Amino acid sequence: MHDLPRTEGDRPEAVLGDQTERPAFAAHPAGQRILIVDDEAGIRDSLETLLTLEGFRVDLAADGAAGLEQLSRNVYDLMLLDLALPGQSGIDLLPQIHALVPELPVIMITAYGTVGNVVDAIRAGACNFIQKPWDNEKLLADIRVAIGKNRAEQEVVHLKRTLRQRVSFENIVGKSEAMLQLFDLIAQVSPSRSTVLIQGESGTGKELIAKAIHAHSPRRDKPFIPVNTGAVPSDLLESTLFGHERGAFTSAVAAKKGLFEVADGGTLFLDEIGTMRMDMQAKILRVLQDRRFMHVGGTKEIQVDIRILAATNVNLEQAVKEGRFREDLFYRLNVISLELPPLRNRKEDIPLLANHYLKFYAEENGFTPPVLAPESLRLMMDYDWPGNVRELENAMERGVVLANGPMLTPDLLPSQLRGNTFSTALLEQKPDASLFDVMEEIERRIISDRLERCNWNQTETSEYFRIPLSTLNQKIKRLDITLKKRSKE
Ligand SMILES: Nc1ncnc2c1ncn2[C@@H]1O[C@H](COP(=O)(O)OP(=O)(O)OP(=O)(O)O)[C@@H](O)[C@H]1O
Ligand SMILES: [Mg+2]
C-alpha cells in the first residue's frame, strides 16, 4: 500500500522555530516524520506541539487500527506508541508494526512505568520508553538517539520507497522484492503494443496485472476486453472472438461483431489460454501474426489494432511438451513473460495485503477495520495460502463480517489456518487443563473440522479417518460434537 497517494495524514510543513537559536536541533532536517499513536487527545496535542516546534512533521492516530493505516501509507522515522491503548495494547501492536516496517524505531509511552510492562515492550521490539508526565528535553534527546541510530538504514529505505513509488500501481499491494520487480516490469511493458504472457497460480493476481498494464498504456481510454477462453464453450468461442455473418450458422439470425473488433484500439485479455482447444489455437495464431481475421461465414478480411495480453495458470511449456499447446502460439504469446510468485514465496506481503483488505471490506460494510491479533498474524504467516491472494482476501472479508470487537482473533480465521495450533492455544487459554483434556479437545476439533469439510457426511468422514462408522459415532457422542445439517451440493 506504499503506492497510495500520500495525502492522508499529510499536513502543511511545520512552522519552524528560530533555528539559529537552537544549534543543537538545527542539525535535524525539517520533515523527519513522527507518528503518534495515543487515545488521549491531550497527550497527542502536547506531543504534537512540542515536536512540531522542533521541526518534525507529526501525524496523529487515536487507536491501533488508525496507526497501522497511517503506517502503511506514509514513511515514518519514528513512532511514539501508547502502551495502554483501548482494545489492543501497544505491546500487542508491535508485531504488526514491525511486520509492516521492520526497521521503524518505536518509543512506548507509558503511564504505569512498571518494570514488567517496559521489559515486555522492549522484548516485543520497542527501542525505548517514556513515562508520563515526561521531561521534554529528555524526550527530545531520546527521539534524536532513536532516529540517529536508524538514520542510515532509514535513508536507504526512504530512497528505495521513493524510487519505487514512481512505478507502483493503485490496488496492487506488495512490497516484496518479487512484487517490486514486477512493478518495474509492468511500467516497462505497459507503453508498448507487445504481447505479454502472465503466468501464475490461481489467485495470484493475473487479471489484476493485466488491467494495470492496460491502464498504464496509451490505450487506457479504449476498451479492455477480458475473455475467458476456458469458460466459453468451444463451439461458441470462435464466433465470440471473430464475430459472424448473418446465417453463418443456424442461430446466427443477424451479423455480430466479435470481441477482436470490440477491442479495436484497446486490449484483449485472453484468460485461461492454456485450456484452449487446438483448432482455436491455430486461428488465434493467425490474428496474432497480422491482426487480420474474418467473421465466421464471412469473406472480407478485417484489420484491427489490438494489444493481446494472455494469462494461464497451467505451465505452458509443459503443455507444449505434452502436445496440448501449439509451440508456435506459445512463442507468439511469450514475447514478454511475467511470472507472478505464489503468496507463500513472498510472505512479507501478507500483513500489507491483510490490512489492505481489512480496511477495504470494513469500509464496504461501514465498519471500523478490526486489528489483526498477533496470534492471527502468526497463523497467517505460517500458512501456505494455496489459493494465494484470493484466499487471503476471502479470509479477511469473512473476518471483517464476523468480528464483533476491535480485534480479528484467531477463531475468526478459516479453520485451515488454525491447523496445528489447537494444543498451544488451548493450553494458553486453560493453563489448568490436563493432557487428557487437551487430547480430547484436539480430537473434538479434528473430527468436527473433517465432518464440516465432508459436508457432515459421517461415512465419508469415517473413511477419511480409516475407522469404522460405529467408532466415529461413539466418538461424536462422547465428545459431544453437534452435527449440522448437510447442505445441498
Ligand atoms: N498484489 C495484489 N494486491 C491486491 N490484491 C490482489 C493482489 N493480487 C491479487 N489480488 C486480488 O486477489 C483476487 C484474485 O486476483 P486475480 O483474479 O487477478 O487472480 P488470477 O491470478 O487471475 O486468478 P485465477 O487464475 O484464479 O483466475 C482479486 O480480487 C485481486 O484483486
Ligand atoms: Mg484470473
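Trainee: Which residues of helix α9 (residues 234-242) are buried?

Mentor: This is a predicted model, in which local features need pLDDT of at least 70 and side-chain atom pairs count only at pLDDT 80 or more, while totals for chains, interfaces and linings use all residues. Residues are numbered from 1 along each chain as its sequence is written, while chains are lettered from A and ligands numbered from 1 in the order in which they are written. Helices (H or I, at least four residues) and strands (E, at least two) are DSSP runs numbered from the N terminus, and a residue is buried if 20 or more other C-beta atoms, placed from the backbone, lie within 10 Å of its own, exposed if 12 or fewer, and partly exposed in between. On that count the buried residues of α9 are Leu237, Glu238, Ser239, Leu241 and Phe242.

Trainee: Which elements are among those that cover the buried residues of α9?

Mentor: Contact here means that the C-beta atoms of two residues, placed from the backbone, lie within 7 Å. Just after the helix comes glycine 243, with a positive phi near 80°. The cover of the buried residues of α9 includes β7 (224-228), β8 (243-244), α10 (259-262), α11 (278-290) and β11 (292-293).

Trainee: In what order do the strands of the open sheet that contains β7 stand?

Mentor: Two strands pair if DSSP finds at least two bridges between them, and β7 pairs in the parallel sense with strand β10 (residues 267-271) over five bridges, with asparagine 228 opposite aspartate 271 in β10. The open sheet has five strands and parallel pairing, and its order is β7-β10-β13-β6-β14.

Trainee: Which strands of that sheet stand at the edges?

Mentor: A strand at the edge has a single partner strand, so one side of it is left without a neighbour in the sheet. In this sheet the strands so placed are β7 and β14 (336-340).

Trainee: Which strands stand at the edges of the other open sheet, the one that contains β3?

Mentor: This sheet also has five strands with parallel pairing, in the order β2-β1-β3-β4-β5. One side of each edge strand is left without a neighbour in the sheet, because each has a single partner strand, and these strands are β2 (57-61) and β5 (128-131).

Trainee: By what angle are neighbouring strands of the β2-β1-β3-β4-β5 sheet turned against each other on average?

Mentor: Axes are lines fitted to C-alpha atoms, for helices over the stretch in contact, and angles run from 0 to 180 degrees between N-to-C directions. For this average the direction is ignored, and the value is 20°.

Trainee: At what angle does helix α4 (residues 90-100) run to β3?

Mentor: Strand β3 (residues 78-82) and strand β4 (residues 106-110) pair in the parallel sense over four bridges, and methionine 79 stands opposite valine 106 in β4. Helix α3 (residues 64-73) packs on the sheet, touching β1 (33-37) and β2, with its direction at about 165° to that of β1. Helix α4, for its part, lies across β3 and β4, and its angle to β3 is about 150°.

Trainee: How many residues of β4 are buried?

Mentor: Both faces of β4 are covered, with Val106, Met108 and Thr110 on one side and Ile107 and Ile109 on the other. The strand is therefore largely enclosed by the rest of the structure, the number of its residues that are buried being five of the five.

Trainee: At what angle do the axes of α14 (residues 350-365) and α16 (residues 388-402) cross?

Mentor: Residues that meet across this pair include Leu353, Tyr357 and Tyr361 in α14 and Leu392, Met396 and Val400 in α16. The axes of the two helices come within 9 Å, and their crossing angle is roughly 45°.

Trainee: Is tryptophan 385 buried or exposed?

Mentor: Tryptophan 385 is found in the loop between α15 (374-382) and α16, and has a positive phi of about 50° although it is not a glycine. Most residues other than glycine have a negative phi. Because 23 C-beta neighbours lie inside 10 Å, tryptophan 385 counts as buried.

Trainee: How many other C-beta atoms lie within 10 Å of arginine 291?

Mentor: Arginine 291 is another residue other than glycine with a positive phi, near 55°, and its place is in the loop between α11 and β11. Arginine 291 is partly exposed, the number of other C-beta atoms within 10 Å being 17.

Trainee: What is omega of the cis peptide bond that joins lysine 132 and proline 133?

Mentor: Proline 133 is found in the loop between β5 and α6 (136-165). Its cis bond to lysine 132 has an omega of about -10°.
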